Amino acid sequence: MEPTSRAFKENSRAAVNDAHLQQALSNMRVGFVDKRGKAVGKLPEFEALRDEGRDIKAHVLENLDFYLEEFEARVVEKGGRVHWCQTGAEARETILTICREAGAKTVTKGKSMIGEEIEINDFLEANGIEPIETDLGEYIIQLAGEPPSHIIAPAIHKTQDDVADLFVEHHAPYGKTERLNEARALVDEARQILRQKFVDADVGITGANFLVAETGSVVVVTNEGNGDLTQTLPRTHIVTASIEKLVPTLEDTTTLLRLLARSATGQEFSTYTTFSTGPKRPGDLDGPEAFHVVILDNGRSAALGGEFHDLLRCIRCAACLNHCPVYRAIGGHAYGWVYSGPMGAVYTPLLLGIEEAGHLPNASSFCGRCEAVCPMRIPLPRMMRHWREREFEGRYSAPAVRRNLRLWAWLVRHPALYNRMTALAARALRLLAGRRGRLSRLPLAGGWTVSRDLPAPEGRSFKALWAADVRPGRGR
Amino acid sequence: MNDSRAAILATIAKRLGRGPLDEAARKSLRARLRGHAPGLIPARAQLPHDEQLALFQEQAEAVATTVERLDANSDVPGAVADYLARHNLPSEVVMAPDPSLDGYPWGDKPTLQIRRGVTAGDDLVAVTGAFAGIAETGSLMMLSGPDTPTTLNYLPDNHIVVLRAEQVMGTYEEGWILLRSAGAMPRNVNFVTGPSRTADIEQKTQLGAHGPRRLHIVIVGSAQEDK
Amino acid sequence: MTDADPRIGLFVTCLVDLMRPSVGFAAVKLLEQAGCRVEVPMNQTCCGQPAYNSGARAETIAIARQVIDNFEGFDYVVAPSGSCAGMIREHYPRLFAADAAWGARAEALAARTFELMGFLVDERGLTAVEGRLSARATYHDSCSSLREMKVHAQPRALLASIKGLELVELADGEACCGFGGTFCVKYPDVSTSMVDSKLDDVARTGAELLLAGDMGCLLNMAGRLKRQGSPIRVRHVAEVLAGMADGPAIGDADG
């Protein structure tokens, strides 16, 4: 998808004014937060597990080269292949080559953010191969021609009516012409249609939640079971994963799995958690004959050892999205690319550059709720601030903004002048407000007064009163 | 593409402020892998076996799995037949070729038509065993193999699992220990926690998205005293 | 555990100084009632947060040095603001982490810096205030108070001691009000949506009085309430605790 992060201001304004989107978002706002809260409440060890999860991932990053090599060696031992790709273009070509070798006409897909990142669906279609999303949310947005708006609930911006409209529009070729009014019926229709797609597919492409170095296993987690049908039925299974998905052992993976579902949906464990290790074994009654892992860098190795190193601990649970007041106000599309919410605000400039994505780390009140819920304890606000520092130093922010800030900072360091100006401002604003106690319009304060009044100051500054030995409250 | 491999590995090392790891470091990391030490294991399932069985059932039922406790092997065929009748399902199942299922007196229910093998997707009911039950989350641990096709866990609408009481353990870590002692990783280890579901339509949960609509577990036997 | 007559440097905050000095005087009253001697360094201006959150690190460091210079030598530094206290306590040490001398000074200052209610309850052992106020109120925890200064129970403990005051909790007490410093003027659409969500929550409590411990949040919420024509009154919690809640509420006309 062509990024539109540059247009974040326009996107977000449209989003807050989009009644339909706001209606859809209202379905997710309370639910995810409450469910995670309940799940955390039921596991006394949760905070200690967050520490362990963070430490496991931190250890992996420090030794990422070793773990990648170990993983590759185990995959190859089990009869699979690993493909290392520096860029999205390389990954696309690699996947296309594998699909061509498999004579693929149709490809089923489990949900993969890497797949979105490299725009694999458009590329396959352009090359005569039909990709079919099987996660219900991804299937819905594929029909709508839209990108996902949430990491784990891609169609969260769609209402049931939207889904019913999409199905009746696109399912006629399957003999389905009735518009369905119940969620149950919609799910059943999708199940029926996609079942045949699963069976017919030549290649299945999934993402990976984790890559286990100890065994060369790929972990795919779903609630629907589409990840399993995608990987087991076709003759070829391709996994797309970014380099930092490595985890050392099965035990380490278990610790992370205990954090993942609870953080994401408030479930104790997702319905289907599958460890896949290579292709079909001699004697196996089902399974793919070819097993490929396409590992993508796309700028991540360059982030190691720098200010954004800790971001690579992310396990894509979306807890930060679910708890972010900005995401909850505008949804995922306003961010303009694949990754949204707080992790998207740090990831997107990393992968696309600060010029394209500069708005994202700026559009935060630094409330810190993301960091408070991140199972990997990633210091997201700090990293957003680092982006702001790069913008300021790199002069990406508007010259007027930088000038005003420098001027203000100078004034703040000249207390005598600052105090006089504060006292003046207090008096002036008070006079302007008259007896109303507030101002509805104020030059240079358009950003504030467009939707808020500005309460009037009391009229004199605290320090002026203190210096004059005025002490309201004494003797009361 | 080998250039990409070399480039990625080189960038990683450089960004971490070092060259490739030396042999001492690699040895230490390999030892960590071989040691596969568990991390913090929640206390929840660290219970006497009879309580683990109860926890398993409670956790499984909390995610819409149905669970039945049976005393004896001879109860199993009847339990399966009754389940089909209760849900108005035809008296036909596809059953994994798993030898662990051979020992039940299926002949006691001659009207129950059993086909041992794989499914092409037309079967309504699959009967399988499992490698283990994990009490912590009410999950089944299932391995792929010559007698245990994975697709039986996913394609049929209804999945009945025959689990022996002694197969129920507390935690995932115990499952990994058992698996390692049984041999190498199979192609698939499936952890199944309830029937298939989705909340992609307005965040309301619907069962039976792509996998089974129903998961039924019959647990045969009683708690082990000295587990 | 509690010192006799500790010397407090009051960090009045730039917003209280400019907009609502009565909050500063309420803080002084509460601190004096808790047995403290309060001084106000006159060369204080700002903690530097606006520069910090705009990415102007060098300017922030220069401002922070000034704050450290002004506030060294007190037993405690107390601010009627979670965000200013949090800036000093959580962020100053990090700003000077690479500088041994200033780092030590920043750490020392940070260790002695408190938000007002956290200080009164945790350090001075205050359990109750005198006074009465007949009202149904709700309390908004500022993000910094909640997450940086760990202030949540303390204001509630003190408010519980006010006769006649009925405190009703917000449904989602951890939600940001949308102020965020320059965020609210740079992204007014998003910020307004956030404050509206907050105020919907406030309305659902049926409260006639909205309290909080940070002027930024208060100005934001009061400003939006006034624009909407709401009768809900907004005050800094210190005003209520100090029994000084009889003047005009934030944004209200005189008299």
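This is a walk through a predicted model, from its chains and their contacts down to one helix and one residue near a chain end.

Let's start with confidence. The prediction comes with an ipTM of 0.97 and a pTM of 0.96. For chain C, pLDDT averages 96, and 98% of the residues reach 70 or more.

Now for how the chains meet. There are 2 pairs of chains that touch, and the pair with the most contacts is A and B. Chains B and C share no contact, and their closest C-alpha atoms are 19 Å apart.

Take the contact between chains A and B to begin with. Here 78 residues of chain A meet 61 residues of chain B. On the chain A side, helix 10 (residues 183-200) gives the largest share, with 8 residues. That side of chain A is made up of 29 nonpolar, 29 polar and 20 charged residues.

Turn next to the contact between chains A and C. It draws 58 residues from chain A and 64 residues from chain C. The chain A side that touches chain C holds 28 nonpolar, 11 polar and 19 charged residues.

With the contacts in view, look at chain A on its own. Its C-alpha trace spans about 90 × 55 × 45 Å along the principal axes, and its secondary structure comes to 23 helices and 12 strands. Of its 476 residues, 59% count as buried. If you consider the contacts in chain A with a separation of 6 or more, 74% of them link residues 24 or more positions apart. The chain is divided into domain 1 (43-301) and domain 2 (400-467), and the centres of these two domains, taken over C-alpha atoms, are separated by 54 Å.

A good place to stop in chain A is helix 15, which runs over residues 341-352. Its 12 residues reach 16 Å from the first C-alpha to the last, close to the 16 Å expected at 1.5 Å a residue. Is this helix enclosed or exposed? Of its 12 residues, 11 are buried, so helix 15 of chain A is largely enclosed by the rest of the structure. The buried ones include G341(A), P342(A), M343(A) and G344(A) toward the start of the numbering, and P349(A), L350(A) and L352(A) toward its end. The cover over these buried residues includes helix 13 (319-323), helix 14 (325-330), helix 16 (354-357), helix 17 (359-362), helix 18 (369-373) and helix 19 (380-393) of chain A. Just after helix 15, G353(A) takes a positive phi of about 100°.

One residue of this helix deserves a closer look. V346(A) is among the buried residues of helix 15. Beyond its neighbours within four places in sequence, V346(A) is in contact with F308(A), L311(A), P361(A), L380(A), M383(A), M384(A) and W387(A). V346(A) also belongs to the largest nonpolar core, which has 287 residues. Along with C320(A), V78(C), I88(C) and M221(C), it is one of the members that touch the most others in that core. As a general point, nonpolar side chains tend to be buried together in soluble globular proteins.

Those core members in chain C lead us to its own layout. Its domain assignment gives domain 1 (7-122) and domain 2 (127-241), with C-alpha centres 22 Å apart. Where the two domains of chain C meet, domain 1 contributes 28 residues and domain 2 contributes 22 residues. On the domain 1 side, at least two residues each come from helix 1 (14-19), helix 2 (21-33), helix 3 (49-53), helix 5 (82-95) and helix 7 (116-123) of chain C. The largest share, 6 residues, comes from helix 5 of chain C. That side of domain 1 divides into 13 nonpolar, 10 polar and 5 charged residues.

Finally, let's return to chain A, to G473(A), in the segment after helix 23 (462-467). Which residues does G473(A) touch, leaving out those up to four places away in sequence? They are F25(C), A26(C), V28(C), K29(C), A242(C) and M244(C). G473(A) has 18 C-beta neighbours inside 10 Å, so it counts as partly exposed. From G473(A) to A334(A) is 139 residues in sequence and 49 Å in space, C-alpha to C-alpha.

Methods:
Residues are numbered from 1 along each chain as its sequence is written. Chains are lettered from A and ligands numbered from 1 in the order in which they are written. This is a predicted model: local features need pLDDT of at least 70, side-chain atom pairs count only at pLDDT 80 or more; totals for chains, interfaces and linings use all residues. A nonpolar core is a set of buried Ala, Val, Leu, Ile, Met, Phe, Trp, Tyr and Cys residues joined through C-beta atoms within 7 Å. A residue is buried if 20 or more other C-beta atoms lie within 10 Å of its own, exposed if 12 or fewer, and partly exposed in between; C-beta atoms are placed from the backbone. Two residues are in contact if their C-beta atoms, placed from the backbone, lie within 7 Å. pLDDT is the predictor's confidence in each residue, from 0 to 100. Ala, Val, Leu, Ile, Met, Phe, Trp, Tyr, Cys and Pro count as nonpolar, Asp, Glu, Lys and Arg as charged, and the others, Gly among them, as polar. Helices (H or I, at least four residues) and strands (E, at least two) are DSSP runs, numbered from the N terminus. The expected span of a helix is 1.5 Å times one less than its number of residues. Domain bounds come from an automatic or database domain assignment.
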